[in-house]
Amino acid sequence: MASFLRSVAVSTSVAALAGAGALAAKSLQGRGEGSVRPVLHGGRTPRILIAGGGYIGLYTATTLRKYIGRQDAEIAVVDPRPYMTYQPFLPEAAAGSIEPRHVVTSLRRELKGTTVLTGSIAEIRHAERKAVIKPVNDDPAYEVTYDHLVVGLGSVARTLPIPGLAENAIGFKHIEEATALRNRVLNKLAEAASTWDPEERRRMLTFVFVGGGFAGIEAIGEVEDMAKAATKEYDSIDEDDLRFVIVEGAGRILPELGEELGGYAIEQLRERGVEIHLNTFLNSCVDGNVELSTGEKFGADTIVWTAGVKANPVLAETDLPLDARGRVRTNAKLQVVQEDGTVVEGAWAAGDNAAVPDLTASDPKATTAPTAQHAVRQGKLLGENLVKVLRGEQPEDYRHENIGTVASLGLYKGVAQIMGFKFRGPLAWFMHRSYHVLAMPSFERKVRILADWTEALFFRRELVSLAALQNPRAAWEAAAASGGKPAAKDTAPAAAGAPIADKK
């Protein structure tokens, strides 16, 4: 069985690398000079401001530069982070299967000929064609003007007013959070191995994930795998000492995959010892004391919140039309529209922060789901449509029928539904990795991720916690606080072979 799984993993690397090379060649071919044609403007170069450097920002800017040159348009991307995060790989980054830096793509490296402004959008006054940008440092905010606006601010974690949640939980939407979760889990194992209070030990080794969607299930599947592997390095901790808990308010997990595959995922996780509480809510987690709606109470030092997202609240500081969920209203062409369908000139939106009509759904009021699959395609089409408008042509409708869904449940474990066919186990895991490595932006990142996976075939997981990174000045501050004070005269240095106190 082990040799079969290893061969599947090798096949993943080879197939994905071949596909990555084909995509890179196609991309380079598309960037030929013949694709660059002048746009129509009144003698002044139009300025395009892209709010957000995620999927929409990266793919829109890349597409724009593919078809128009600098003399035809100025492009500026605004984001507080100088990189785009490929979120489907966050679980593997948290588990140490992928180097965290390989999950992100540098905006400046990928967006040649584009200005990247590091800061946050604080306000948009589209009627004046002005946006207010707040730098990441303490510098004062400043205004920029534009001719066309692309809103790709994405979403943020949807939190609830649960006592203790803001103070004790951690999100799972950014690479910093995935890295912090990895360090925290490994650090708690180290602390538990040095603790003899059984109650404290159980608390340290209890990990709660709130939310049974893709983010929560993939995260707990990968992290639980990593934690079990880490117990082999401890004489005092067994796999059975670990307690992983899922809290989900609905009656099933992974609803996008249907009841059959969702039920299979529940069976697989429960066989691994994961506790799954369905139709259950988190009532409180003050000081790490978890209280569920079922009345169950227990302590947990690690609480991960993955219970959904909401549109970026900054949108409320704009004069753009929003729907009841706080998303920017758009038509199928990704143009911002009023409630009556009137197009707001010079404004575009897509991704998680936009209510984009789903033309493939039977419900005429349906909007596209907040997934990477839609965001990547919408970003590309938005760029193409904006180029068409600049050239005086008609934009096209966004229409994409979901061909399938894949999810990882840990190393060599997964579920998938492709074109109506259901897959599970190593094959589904293979599909998950293959699809996402091909969707990862930039050929370089594809190769680096494949190198990470190939290396993992021959070496054990790297299970060292770097929790000190969260406070890198701690050692320096402790040294500075000592102030070079001399040691007490009656204090003698410990003998080289001094015995350590027995555990009893």
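Helix α11 has 14 residues and spans 20 Å from its first C-alpha to its last, close to the 20 Å expected at 1.5 Å a residue; the expected span is 1.5 Å times one less than the number of residues. Helices here are DSSP runs of H or I with at least four residues, strands are runs of E with at least two, and both are numbered from the N terminus. This is a predicted model, where local features need pLDDT of at least 70 and side-chain atom pairs count only at pLDDT 80 or more, while totals for chains, interfaces and linings use all residues. Residues are numbered from 1 along each chain as its sequence is written, and side-chain values use heavy atoms, with hydrogens and water left out.

The buried residues of α11 are Ala428, Trp429, His432, Arg433, Ser434, His436, Val437 and Ala439. Buried means under 20% relative accessible area, exposed over 50%, and partly exposed in between, with a 1.4 Å probe and protein chains only. An α-helix has 3.6 residues a turn, so residues three or four places apart point the same way.

Take His436, which sits in α11 (residues 426–439). With a relative accessible area of 8%, His436 counts as buried. Leaving aside neighbours within four places in sequence, His436 is in contact (heavy atoms within 4.5 Å) with Tyr86, Pro88, Phe89 and Val406.

Phe89 turns up again in the largest nonpolar core, which has 106 residues. There Phe89, Phe209 and Phe244 touch the most other members. Helix α10 (residues 372–390) gives the most to this core, with eight residues. A nonpolar core is a set of buried Ala, Val, Leu, Ile, Met, Phe, Trp, Tyr and Cys residues joined through side-chain atoms within 4.5 Å. As for Phe244, not counting residues up to four places away in sequence, its contacts are Phe207, Phe209, Ile220, Val223, Glu224, Ala227, Gly273, Val274 and Glu275. Apart from the largest core lies another, of 15 residues, including Leu282, Phe298, Ile303 and Trp305.

Now for two of the sheets. Strands pair if DSSP finds at least two bridges between them.

| Sheet order | Pairing | Average turn between neighbouring strands, direction ignored |
|---|---|---|
| β7-β6-β5-β2-β1-β8-β21-β20 | mixed | 45° |
| β23-β24-β25 | antiparallel | 5° |

The eight-strand sheet is open, and its edge strands are β7 (142–145) and β20 (335–337), each pairing on one side only. Strand β6 (residues 130–135) runs antiparallel to β7, joined by four bridges, and Ala131 stands opposite Val144 in β7. Helix α10 packs on this sheet, touching β1 (47–51), β8 (148–151) and β21 (343–349). The direction of α10 makes about 150° with that of β21; axes are lines fitted to C-alpha atoms, for helices over the stretch in contact, and angles run from 0 to 180 degrees between N-to-C directions.

The three-strand sheet is open too. β23 (404–410) and β25 (421–424) stand at its edges with a single partner strand each, so one side of each is left without a neighbour in the sheet. Six bridges join β23 to the antiparallel β24 (residues 413–418), with Ala407 opposite Val415 in β24.

Zooming out, the protein has 13 helices and 25 strands, and 47% of its 504 residues count as buried. Among contacts with a separation of 6 or more, 69% involve residues 24 or more positions apart. The accessible surface comes to about 24,900 Å² by the Shrake-Rupley method with a 1.4 Å probe, and 54% of that surface belongs to carbon and sulfur atoms.
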